[in-house]
Amino acid sequence: MFDVDSSFTRQQSSCFYRMAPFRLQIECTSECSADCTYCYAKSVPGGEPLSSREIKGILRRAANIGIKQVDWMGGDPMERPDWIELLQTARYNGMSNNLWTSGGRLNDIGQAKWAIDLTRDGYIMVHLDSLDPEVLRSMRSSYNPRTTRDTLKGIELLEDMGKPPSQIGNMLMMTAAQDVNDVKETMSYLYSKYGVRTCLMSLKPVDETGKLYPLLPRPEDVAEAYRWRDKLFLGGRDMGCQDFPREYCGTTVFLALDGRVSTCYSLRRNLGSVREDTFEDIVSKASSSLFFTGFRKYSDEVVCGSCDQRLCWGCRANAFYFGGGSYLKDPICPRSAESRKSVLPY
């Protein structure tokens with residue numbers, strides 16, 4: 001995910017400049033043994049989850065419009081009984097898989113073998129917000145220390161079985177429950193111990209009910225954590241408070257648990273439902289919102305000149321939820337002139 005010169009990143013870059021979809025994020029389940037209190041899949045009100053048959057149909061349609069990668073998200077996709085079958089379907093349709101999992105089930109040779117095989121040319125993202133049991137107890141509706149141990153052992157097993165550390169990541173969701181130093185220590189430990197880099201995310205109020213607002217981290221802590229991320233993993237390059245380079249964000253289509261389509265896992269604005277319209281038609285009609293067409297026209301005016309604009313254009317979800325609109329400045333970015341608590345609604 002941090003490889004800037006692979007065949008997939010070059011394809012993704014080509015899609016970015018053509019304003020075409022490259023990646024489909026699928027929220028395929030709300031089931032997860034981590035049981036995080038802020039879980040988006042459980043927090044966002046929705047309808048009946050998509051069936052296996054419906055997801056397979058979407059995968060075929062996604063391949064037909066040129067999508068090359070699928071990010072399997074949840075919850076924990078590995079807790080779906082049919083997760084292997086679904087990832088195989090993506091592979092059969094010419095797409096590579098990225099697996100976002102809490103990681104506990106990777107501490108099983110059979111499950112780890114399937115995960116490695118089905119994410120060939122892709123990555124596996126485990127989920128550890130902290131290594132401190134007290135912090136995890138405060139973030140999870142139920143806490144079992146075995147879950148953390150299994151995730152760490154799962155990382156070791158993946159590497160022992162040949163999955164390179166560059167194809168393994170840790171997703172850390174920063175909330176008000178964590179001290180910024182705990183976030184830094186978690187990222188640093190996983191990198192020094194396993195060579196695993198962290199995808200650092202900060203909580204967004206995606207549920208539209210206000211329930212998640214008390215869990216939102218302080219903007220100044222978010223900015224400090226991302227500066228540490230840059231120092232650890234990016235060799236001085238600056239990506240602000242964004243989790244992936246702009247090419248990732250500008251080529252993604254997100255499919256929620258109940259079939260609603262939006263921009264990404266963290267920016268949930270309803271652009272249509274695959275139960276009411278075809279996937280291809282939704283992507284075509286909503287292309288301006290999906291690929292930020294208007295924002296690209298004047299991004300130089302709203303992205304700080306100090307940023308490496310080849311990597312970063314600010315987190316569009318931060319701008320949407322906290323800055324007044326997805327085409328405006330990311331108000332949490334440490335390089336933004338508006339980076340101060342007073343402009344934020346929490």
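## A tour of the predicted model

Start by selecting Asn-64, which lies in helix α3 (residues 52-64). Helices (H or I, at least four residues) and strands (E, at least two) are DSSP runs, numbered from the N terminus. Asn-64 is exposed, with a relative accessible area of 62%. Here buried means under 20% relative accessible area, exposed over 50%, and partly exposed in between (1.4 Å probe, protein chains only). Now add Gly-94, 30 residues from Asn-64 along the chain; the two C-alpha atoms are separated by 9.8 Å.

Two notes before going on. This is a predicted model, in which local features need pLDDT of at least 70 and side-chain atom pairs count only at pLDDT 80 or more, while totals for chains, interfaces and linings use all residues. Residues are numbered from 1 along each chain as its sequence is written, and side-chain values use heavy atoms, with hydrogens and water left out.

**Helix α4 and the loop before it**

Select Gly-74 and Gly-75. A cis peptide bond joins them, with omega at about 15°. Gly-75 is in the loop between β2 (69-73) and α4 (83-92). Go on into helix α4 and pick Glu-85. Glu-85 counts as partly exposed because its relative accessibility is 36%. For a long distance in the sequence, add Thr-186, 101 residues from Glu-85; their C-alpha atoms are separated by 33 Å.

**Helices α7 and α8**

Thr-186 is one of the buried residues of α8, so select that helix (180-194) next. Helix α8 has 15 residues and reaches 21 Å from its first C-alpha to its last, close to the 21 Å expected at 1.5 Å a residue. The expected span of a helix is 1.5 Å times one less than its number of residues. The buried residues of α8 also include Val-180, Met-187, Leu-190 and Tyr-194. They pack against α6, α7 (145-160), β5, β6 and α9.

Move to α7, which has 16 residues and reaches 23 Å from its first C-alpha to its last, close to the 22 Å expected. Among its buried residues are Thr-147, Asp-150, Leu-152, Ile-155 and Leu-158. The buried residues of α7 pack against α5, β4, α6, β5 and α8.

**The nonpolar cores**

Color the nonpolar residues next. A nonpolar core is a set of buried Ala, Val, Leu, Ile, Met, Phe, Trp, Tyr and Cys residues joined through side-chain atoms within 4.5 Å. The largest one has 50 residues, and those with the most contacts inside it are Trp-100, Met-174 and Leu-200. The elements that give two or more residues to this core are α6 (133-139), β5 (168-174), α8 (180-194), β6 (197-202), α9 (219-233) and α15 (316-322). A second, separate core of 45 residues includes Ile-67, Trp-83, Tyr-194 and Val-274. In soluble globular proteins, nonpolar side chains tend to be buried together.

**Two positive phi angles**

Select Asp-121, in the loop between α5 (109-118) and β4 (124-127). Asp-121 has a positive phi of about 70° although it is not a glycine. Then select Phe-292, in the loop between α12 (287-290) and α13 (293-297). Phe-292, also not a glycine, has a positive phi of about 55°. At 2% relative accessibility, Phe-292 counts as buried.

**Two loop residues**

Go to Asp-258, in the loop between β7 (252-255) and β8 (261-262). Asp-258 is buried, with a relative accessible area of 9%. Leaving out residues up to four places away in sequence, show what Asp-258 touches: Gly-46, Gly-47, Glu-48, Pro-49, Leu-50 and Arg-275. Contact means heavy atoms within 4.5 Å.

Next is Leu-271, in the loop between β8 and α11 (279-285). Leu-271 counts as partly exposed, at 21% relative accessibility. Its contacts, apart from neighbours within four places in sequence, are Val-261, Ser-262, Thr-263, Ile-282, Ala-286, Ser-289 and Leu-290. Ile-332 is 61 residues from Leu-271 along the chain, and their C-alpha atoms are separated by 25 Å.

**A pocket to finish**

Last, select Val-44, Glu-208, Arg-260, Arg-268 and Asn-270. Of the 13 residues that line the second largest pocket, these are the closest to its centre. A pocket is found on a 1 Å grid over the protein atoms alone: it is an open set of points where a 1.4 Å probe fits, with protein on both sides within 12 Å along at least five of seven lines, and lining residues have an atom within 4 Å of a point. The volume of this pocket is about 180 Å³, a volume being the space filled by probe spheres set on the points, which are joined across faces, edges and corners. By class, its lining has six nonpolar, two polar and five charged residues. Ala, Val, Leu, Ile, Met, Phe, Trp, Tyr, Cys and Pro count as nonpolar, Asp, Glu, Lys and Arg as charged, and the others, Gly among them, as polar.
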